[in-house]
Amino acid sequence: MRGVAVAAIALTSVMSMAACAKDSTSSSAGGSSNSASGSGCKLATPPTAAAAGSSTTTSSSKVDGSALKVGLAYDIGGRGDASFNDAAAAGLDLAKSQLGVKAENVKETTAAPNESDAAKEARLRQLAQDGYNPIVTVGFAYGPALQNVAKDFPNTKFAIVDSTVENSPNVTPLTFTEEQGSFLVGVIAAYKSKGCHVGFVGGVNVPLIQKFQAGFDAGAKAAAPDIKIEDKYITPAGDFTGFQAPDKGRLVAQGELSAGADVIYQAAGNSGKGIFDAVKAKSGTYAIGVDSDQYKQAGVADDKDIIISSMMKRVDTAVYDFLRGVAAGDLTSIPKVFDLAVGGVDYATSGGKVDDIKSTVDAYKAQIISGAIKVPSTVSGS
């Protein structure tokens, strides 16, 4: 399995951070007059710990996946969303090139917006009946359907991204600490904001996306205790079209920009394209992507100049590791959770727009890995 080993971290100080709040300003927590390129914030003294050292090692043992017949069930948006689903697709593509998984032995399907659990169950059941094994489901929305299907196909190995399925030994959960990666891009937003006013746009107001908000808000406030934050969602819980509505995403982002935010972090799936477009249309503002390194994504190439970083959620790594584990007949080395320590989440540096603050962001990263900073995973009051 492709794993990530984290070297020991020498800490010279432990910082305390304010609790995450859902809205705008909080009371000062002893910020100093530090400055950074673009920042209009009064910045807190950053951690002095050395950056977390990590090394990625690829197993030298050859694994043959040519006999696998892989089913991949995407969330809404599917392959080509330039975000979450594309990350899963990248993991599958890596398995084709590295493990020898044959294209003719792969079936990819995509959920429709607001489709029923029964429709998801029918799709998964058909894949299993057709002999696809393993089957990867992308997104927590597949949980209820997988609960029913997995027990009827005990010899089929399933994985689910962003959820767990209780009492199902043939289901491997692939979960992440989205809040940890989001904390880091919150720090970036604070350092890059000219007006000390930033924003978060979530696709759908559900606990998973609230983890992104919670981490982002906490990171921004740790870096700049007096920062103002706009937090909004495209659709409420139950309406999953918020992940597939670029026009609505654009309107929400325009509202935050009009309120004064000049750096916006989005966790909105395919709706992120509309958010990027809104930011690009307003001079002097920037955006932060999500899931994939969106600076490199062809689907949002027109907006790459305003994307200063992305919170990378390594769904590609998780999907690849699962497929490799199935091919090798050993799933025991897959992490219980893909966190900062194993490289499951991180921040992107493509485009060079955060090079001037990389050492600072890495110091915060080291403190999270060490446990000196505990990142909240829930939004205050939720």
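Select C41 and C196 to begin: both are buried. This is a predicted model. A disulfide joins the two residues, with an S to S distance of 2.2 Å. Turn the view to look along the S-S bond. The link of C41 and C196 is right-handed, with 110° about that bond. Now colour the flanking elements. C41 sits in the loop between β1 (3-6) and β2 (54-57), while C196 sits in the loop between α4 and β8. The two cysteines are 155 residues apart, and the pair links distant parts of the chain. How many disulfides does the count come to? The count comes to one.

**The sheet**

Step from C196 into strand β8, residues 197-204. Then show the sheet. Six strands form this open sheet, and their order is β9-β8-β10-β11-β12-β13. The pairing is mixed. Which strands are at the edges? Select 228-235 for β9 and 345-347 for β13; each of these edge strands pairs on one side only. Neighbouring strands are turned by 15° against each other on average, direction ignored.

Walk across the pairs.

- β8 and β9: these strands run in the parallel sense, with seven bridges. Pick V201 and look across to K232 in β9, which stands opposite.
- β11 and β12: this pair is also parallel in sense, over five bridges. Pick V290 and find M311 of β12 opposite.
- β12 and β13: here the sense is antiparallel, over three bridges. Pick M312; its opposite residue is D346 in β13.

Strands of a sheet pair through backbone hydrogen bonds, either parallel or antiparallel.

Stay on β12 and switch on a surface. Is the strand enclosed or open? Seven of the seven residues of β12 are buried, so the strand is largely enclosed by the rest of the structure.

**Helix α4 on the sheet**

Select 178-192. This is helix α4, and it packs on the sheet. Its contacts are with β8, β10 (263-267), β11 (286-291), β12 (307-313) and β13. Compare the directions of α4 and β12: they make about 170°.

Next, show side chains at both ends of α4. Side chains of opposite charge can pair when their charged atoms come close.

Start with E178. E178 forms a salt bridge with K313, and the closest N and O atoms are 2.8 Å apart. What does this pair tie together? E178 belongs to helix α4 and K313 to strand β12, so the salt bridge connects parts that are 135 residues apart in sequence. E178 is buried, at 1% relative accessible area. K313 is buried too, with a relative accessible area of 1%. Widen the selection to D162, E178, E179, K211 and K313: a network of salt bridges links these residues.

Now go to K192, also in helix α4. The side chain of K192 meets that of D356 in a salt bridge, 2.8 Å from N to O. D356 lies in the loop between β13 and α9 (358-370), so this pair ties together parts that are 164 residues apart in sequence. Buried or exposed? K192 is buried, at 10% relative accessible area. D356 is partly exposed, at 44%.

**A salt bridge within one helix**

Select 246-258, helix α6. Show D247 and R250. Their side chains meet in a salt bridge, 2.9 Å from N to O. The two residues are three apart in this helix, a separation of about one helical turn. An α-helix has 3.6 residues a turn, so residues three or four places apart point the same way. D247 is exposed, with 53% relative accessible area. R250 counts as partly exposed, at 26%. To search further, colour all Lys, Arg, Asp and Glu side chains; the whole structure holds 21 salt bridges.

**Last stop: helix α1**

Select 84-99. Helix α1 has 16 residues. From its first C-alpha to its last, α1 reaches 22 Å, close to the 22 Å expected at 1.5 Å a residue. Which residues of α1 are buried? They are F84, N85, D86, A87, A88, A89, G91, L92, A95 and L99. Finish just after the helix, at G100. This glycine takes a positive phi of about 80°.

Conventions: Residues numbered from 1 in each chain as written. Predicted model: local features only at pLDDT ≥ 70, side-chain atom pairs only at ≥ 80, totals over all residues. Heavy atoms only, no water. Pairing = 2+ DSSP bridges. Helix = DSSP H or I, 4+ residues; strand = E, 2+ residues; numbered from the N terminus. Axes fitted to C-alpha atoms, helices over the stretch in contact; angles between N-to-C directions. Contact = heavy atoms within 4.5 Å. Buried < 20%, exposed > 50% of the residue type's maximum accessible area, 1.4 Å probe, protein only. Salt bridge = Lys/Arg side-chain N within 4 Å of Asp/Glu carboxyl O. Expected span 1.5 Å × (residues − 1). Disulfide = S-S within 2.5 Å.
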